Every structure is written in structure tokens, then in C-alpha cells.
Amino acid sequence: MPYLRLALCVLGVYSMFLLWGVAQERLSAPFKTIDGTSEAKFKSALFIGTCQSILSAISAYLYITFRKHPKDSISQCLGLEPAPISKDKVDHKTNGAANGTVNGSAIASSSYTRALLWKYFQCSVFITSAAPFGFASLSYISYPAMVLGKSCKLVPVLIMNVLLYRRRFASYKYVVVAMVTTGITMFMHYGGGSKHKSRADVPSDNPYANLIGITYLLINLAIDGATNSTQDEIFARFRGVTGQQMMFWINVFCTLISLALALLPLPYVPVIHESEGGKPELFNMLAFIRAHPGVISPLFQFSITGALGQLFIFETLQHFGSLTLVTITLTRKLFSMLLSVVLYNHRLTLGQWVGTAVVFAGISVEAIVKRRDVHAKRIAQEKEKPSIKTL
């Protein structure tokens with residue numbers, strides 16, 4: 001049964017995110033109008049993110065309610081209450097003391113909920129801010145370059161953990177960061193400029209296209225690093241939180257933030273708010289969809305595969321741990337890159353392939369060392385069990 005579950009998780013992650021990557025790259029290309037006389041790009045990463053966050057929140061809620069225990073309340077299922085106080089600890093106290101404990105517990109529960117929701121909100125702000133930069137980078141660099149960059153989340157996560165939470169890491173992690181940075185540098189250096197990009201929407205006459213694309217990608221990765229480090233802080237500080245609960249609340253807040261930004265008549269801001277003329281971006285994007293109906297299919301594919309893919313990721317994390325998940329997502333990104341090269345006719349030089357190998361070798365070192373450490377801990381725990389039983 002565990003092997004069947006693992007096979008289903010691997011199949012789910014691969015199938016959903018391979019299709020998700022294809023749809024994402026398609027959304028970055030121009031779409032023709034109904035009459036076929038002109039074409040334009042769908043520029044609203046905000047609208048794309050809103051569609052995906054809505055479906056992701058719905059998927060997470062359905063998953064949570066399907067898996068919940070019949071005696072659990074909705075509030076408990078959604079992770080808004082701390083672990084309950086043991087009944088024995090209250091029964092031995094006097095009634096007055098017990099009332100004080102219950103009232104104190106209620107205050108603690110309220111404080112717990114506010115603090116937890118605030119952390120979820122912070123993650124949502126980071127995610128909503130990061131997505132437009134990742135999407136905008138596809139206008140200047142190829143999708144394989146973006147996938148390779150996104151595979152290097154270890155770098156910003158490590159940096160943000162050090163800067164925001166003053167955490168320290170093992171020395172091998174800095175070696176991995178150096179390998180990843182070297183590989184990315186090689187990939188960009190041996191790219192040969194825009195002549196290797198076969199996409200028509202990439203501005204081949206812009207000598208700074210690579211620089212702009214890399215800058216957008218670095219901003220995206222830096223904010224992603226803040227997101228991941230904050231998620232690590234949530235799991236460390238709020239012990240009872242599950243991945244599905246985090247998925248639900250973060251996507252709820254992402255939906256609310258995105259809808260607010262899409263409905264407000266904000267001025268034009270490059271990358272962040274692409275609507276011109278001070279009009280709400282939501283109305284402009286709906287008008288774009290009516291004029292370019294070809295965008296509907298990849299937009300729906302992107303949203304639904306992203307939502308379902310997250311469920312498979314959290315299912316893998318819950319039952320098989322982060323090491324198995326790292327292995328699955330690492331190989332998935334490699335296949336996403338290869339699939340993009342085949343489908344969209346990207347041309348990679350020998351130097352780019354070597355740079356790609358260096359990056360994935362660095363990430364593999366991280367996975368191998370983690371697996372070795374976890375295996376050693378499990379052996380130590382197994383040795384401790386007999387001594388515990390004899391006590």
C-alpha cells in the first residue's frame with residue numbers, strides 16, 4: 001500500500017506540474033484576436049495568480065473536509081486552534097482554578113489564531129508579490145533558463161533564513177550554493193544571447209534582455225526565499241499546522257489580496273500592475289479574454305493543474321517526508337525543462353547543458369546529505385527503543 005501511494009504521488013506531481021509548466025510557457029506567448037488580424041500578450045500575472053489561488057483554496061478545503069475526523073470542528077480542521085489541554089490537567093484543580101485555566105486557554109487560543117493568521121498573511125503577500133516577476137521574466141529569458149533558476153530556491157531560502165531569522169547552516173550547504181551559482185552563471189554566459197531563443201515574443205533587438213530577465217528572476221527568487229523561510233518559521237512555531245491547512249489559508253489570503261488589487265483603479269506599474277489608464281485590471285483582463293479566447297484553455301489548465309499539483313505535493317510531504325519530495329520535484333523540474341526544449345524548440349549550447357548539470361549536481365548533493373543524516377537519525381532512534389522499554 002505505501003508503494004502504491006508513493007507511485008500515485010509521483011505520478012500526480014509529474015503529470016500535474018509538467019502540464020502546468022507547458023501552460024505557463026504558453027501563457028507568456030502572444031494570443032491572436034478572434035478575427036486573427038492581430039495578436040497580443042496576456043500580461044496580467046495578477047489575474048493568473050487569482051485564478052490559481054481560488055482553485056487551490058477550494059481544493060485544499062475539500063481535501064481537509066474529506067480527511068477530517070467526525071468529532072473535529074471546522075475550526076480545528078483548519079488549524080485555528082492550538083492543541084487541546086489534557087483533561088487530567090484540569091480535573092485535579094479546583095473549580096475556580098479550572099475556570100481560570102479555561103479562560104486563560106481561550107485567551108491563548110485567540111492569541112494563537114491571530115499570530116498564525118498573521119504569518120499566513122505574510123506568506124500570501126510574499127507570494128502575490130513574487131509571481132509577477134517570475135511571469136515577467138519569461139518575456140526576456142527562455143523557459144528552460146527560468147526553470148533552472150527556480151530550481152535553485154536553496155540559495156534565496158538559505159540567505160533569507162540567515163538575514164531574517166539568524167539561522168546557521170552546515171558548511172556543505174554553502175558548497176551547494178556555490179555550485180548552483182556557478183551553474184546558473186555558466187547557463188547564462190554560454191546562452192549566446194537572444195539568437196538562441198526561438199520564441200517570437202522575446203525581444204531579440206534588446207541587448208539587455210538577458211539582464212532584465214535575470215533581474216526579474218532574482219527578485220522572484222529573493223521573495224520566494226522570504227516565503228519559504230516564513231513557512232519554516234510557521235512549522236517550527238505552530239507545531240500542529242499541517243501542509244493542507246497552510247495551503248488553504250495562504251491561498252485564501254492570496255485570493256483576497258489579488259482580487260483587491262485587480263478591482264482597485266491603480267495606476268500603471270510595470271510588472272506589478274499592467275493595467276493602463278487607471279482602470280481596474282480585472283476589467284481589462286476580462287476584455288482581453290473576450291477578444292482573445294485562445295487564452296482560456298491554457299489559463300484553466302495552468303490553474304487546475306497548479307491546484308491539484310499542490311495537493312499531491314502536500315500528500316507526499318505528509319506521508320513520505322521532505323527528502324522524497326525534494327527528489328521528486330528535482331527530477332520533475334529537469335523533465336519540465338527537457339519537455340520545454342522539445343515542445344518549443346529551444347536551443348541550448350553545450351555550455352548551457354554543462355551549467356544545467358552543475359546546478360542539478362549541487363541540488364543532488366543537498367538531497368544525498370539530507371538522506372544520509374535522516375537515515376543516521378532513524379538508526380539511532382531504533383537503538384534507543386530497547387533501552388526505553390527496559391526502563
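**Figure 1. Helix 6 of the predicted model is mostly covered.** The helix spans residues 143-150. Seven of its eight residues are buried. They are Tyr143, Pro144, Ala145, Met146, Val147, Leu148 and Gly149. Two of these buried residues, Tyr143 and Met146, also appear in the next view, as contacts of glutamine 24.

**Figure 2. Glutamine 24 sits in helix 1.** Its relative accessible area is 10%, under the 20% cut-off, so glutamine 24 counts as buried. Neighbours within four places in sequence are left aside here. Beyond them, glutamine 24 is in contact with Phe135, Leu138, Tyr143, Met146 and Phe302. Tyr143 and Met146 belong to the buried set of helix 6.

**Figure 3. The second largest cavity has a volume of about 50 Å³.** The count for the model comes to two cavities of 30 Å³ or more. Residues lining the second largest cavity are Leu18, Gly21, Val22, Glu25, Tyr143, Ser336, Leu339, Ser340, Leu343 and Tyr344. Helix 1 (2-27) and helix 12 (296-344) each supply at least two residues of this lining. Helix 12 gives the largest share, five residues. By class, the lining divides into six nonpolar residues, three polar and one charged. Tyr143 is part of this lining. Tyr143 is also a buried residue of helix 6 and a contact of glutamine 24.

**Figure 4. Glutamine 231 is placed in helix 9.** The helix covers residues 209-237. Glutamine 231 has a relative accessible area of 18%; the cut-off is under 20%, so this residue is buried. Residues up to four places away in sequence are not counted among its contacts. With those set aside, glutamine 231 touches Cys123, Met246 and Ile250.

**Figure 5. The protein chain holds 13 helices and two strands.** This view sets the close-ups in context. The chain has 391 residues, and buried residues make up 44% of them. Glutamine 24 and glutamine 231 are among the buried ones. Contacts between residues at least 6 apart in sequence were also sorted by separation. Of these, 81% join residues at least 24 apart. The accessible surface of the chain comes to about 20,500 Å². Carbon and sulfur atoms account for 67% of that surface.

How values were computed:
Residues are numbered from 1 along each chain as its sequence is written. This is a predicted model: local features need pLDDT of at least 70, side-chain atom pairs count only at pLDDT 80 or more; totals for chains, interfaces and linings use all residues. Side-chain values use heavy atoms; hydrogens and water are left out. Buried means under 20% relative accessible area, exposed over 50%, partly exposed in between (1.4 Å probe, protein chains only). Helices (H or I, at least four residues) and strands (E, at least two) are DSSP runs, numbered from the N terminus. On a 1 Å grid over the protein atoms alone, a cavity is a set of points where a 1.4 Å probe fits but cannot get out, and a pocket is an open set with protein on both sides within 12 Å along at least five of seven lines; lining residues have an atom within 4 Å of a point. Grid points are joined across faces, edges and corners, and a volume is the space filled by probe spheres set on the points. Ala, Val, Leu, Ile, Met, Phe, Trp, Tyr, Cys and Pro count as nonpolar, Asp, Glu, Lys and Arg as charged, and the others, Gly among them, as polar. Contact means heavy atoms within 4.5 Å. Accessible areas come from the Shrake-Rupley method with a 1.4 Å probe; for residues, only the protein chains shown count as cover.
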